[in-house]
Amino acid sequence: MPEVSHPPLSGLELSRRIVQLAADKKAVEPLILDLRKISTIADYLVICSAQSEPQLKAIANGVEKGLKEESGQRPLAVDGFPTSQWIVIDYGDVMFHIFHEQKRPVYALEDLWSDAPQVPLA
C-alpha cells in the first residue's frame with residue numbers, strides 16, 4: 001500500500017499533538033514553551049516527565065508511532081535512552097524532551113528557557 005500524504009502540522013499543532021500522545025501514556029506535568037522570539041533551535045519546546053524508565057520509553061514510542069501513523073511525521077533525530085532517564089526527540093520546529101521525574105529538576109529546562117512564554121496545552 002502506498003503511503004498516504006498528509007499535510008504537515010504547524011509547530012503549535014504538532015506540539016499540542018505531542019502533549020496529547022504523551023498524555024495517552026500518562027506523562028506527568030507536560031508543558032509547551034514558545035521559543036520563536038528567543039531562539040533559532042526550534043519554534044516550540046515540549047517537556048514532560050515520566051515516573052519510571054519503562055514509562056519514559058513508552059511515551060517516546062507512543063509519540064513517535066502516533067505521529068508517524070497520523071501525519072507521516074518522523075523525527076529528524078532521537079537522543080538519550082530510558083537508562084539515562086531522558087530522551088529528546090527532534091521534529092525540527094518542535095523539540096520534545098521527556099525526563100524521569102527525578103531528573104527533570106536537575107536539567108531545569110523551564111528555568112533555562114524562563115524567557116519563553118508558556119503556551120496553553122489546548
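**Charges.** I began with the charged side chains of this predicted model, and I noted 12 positive and 17 negative side chains in the protein. I then looked up the centres of the two sets, which lie 5 Å apart.

**Overall size.** I asked myself what radius of gyration a compact globule with 122 residues would have. The expected value is near 14 Å, and the protein has 14 Å, so the two agree. Along the principal axes, I found that the C-alpha atoms fill a box of roughly 45 × 35 × 25 Å.

**Surface and interior.** I looked up the exposed area of the protein, which is about 7,000 Å², and I wrote down that carbon and sulfur atoms supply 53% of it. As for the interior, 42% of the 122 residues count as buried. I also checked the contacts between residues at least 6 apart in sequence, and of these 62% join residues at least 24 apart.

**Elements in order.** I counted four helices and six strands in the protein. Reading from the N terminus on, I wrote the elements down as α-β-β-α-β-β-β-α-α-β.

**The sheet.** In which order do the six strands stand in the sheet? I traced an open sheet with the order S3-S4-S5-S2-S1-S6, and its pairing is mixed. The edges are taken by strand S3 (77-81) and strand S6 (118-119), and each of these has a single partner strand, so one side of each is left without a neighbour in the sheet.

**From S3 to S5.** Starting at the S3 edge, I found that S3 and strand S4 (residues 86-90) run antiparallel and are joined by five bridges. As one place to look, I chose Val 78, whose bridge partner in S4 is Ile 89. S3 and S4 form a hairpin with four residues between them, and in that turn I noted Gln 85, which has a positive phi of about 65°.

I then followed S4 to strand S5 (residues 94-100), and these two pair in the antiparallel sense over five bridges. Here I picked out Trp 86, whose bridge partner in S5 is Phe 99. S4 and S5 also form a hairpin, this time with three residues between them, and Gly 92 in the turn has a positive phi of about 80°.

**S1 and S6.** Turning to the S6 edge, I saw that strand S1 (residues 28-34) pairs with S6 in the antiparallel sense over two bridges. To find the place in the structure, I looked for Ile 32, which stands opposite Val 119 in S6.

**Two residues with a positive phi.** I kept in mind that most residues other than glycine have a negative phi. Glu 29 caught my attention, since I read a phi near 50° for this residue, which is not a glycine. I located Glu 29 in strand S1. Is Glu 29 buried or exposed? With a relative accessible area of 57%, Glu 29 is exposed, because the cut-off for exposed is over 50%.

Ala 108 is also not a glycine, and its phi is positive at about 45°. I found Ala 108 in the loop between helix H3 (104-107) and helix H4 (109-112). Where Glu 29 is exposed, Ala 108 is buried, with a relative accessible area of 17%; the reason is that buried means under 20%.

Key: Residues numbered from 1 in each chain as written. Predicted model: local features only at pLDDT ≥ 70, side-chain atom pairs only at ≥ 80, totals over all residues. Heavy atoms only, no water. Rg over C-alpha atoms; globule rule 2.2 N^0.38 Å. Buried < 20%, exposed > 50% of the residue type's maximum accessible area, 1.4 Å probe, protein only. Contact = heavy atoms within 4.5 Å. Areas by Shrake-Rupley, 256 points an atom, 1.4 Å probe, with all protein chains shown as cover. Lys, Arg positive; Asp, Glu negative; His and termini not counted. Charge placed at Lys NZ, Arg CZ, Asp CG, Glu CD. Pairing = 2+ DSSP bridges.
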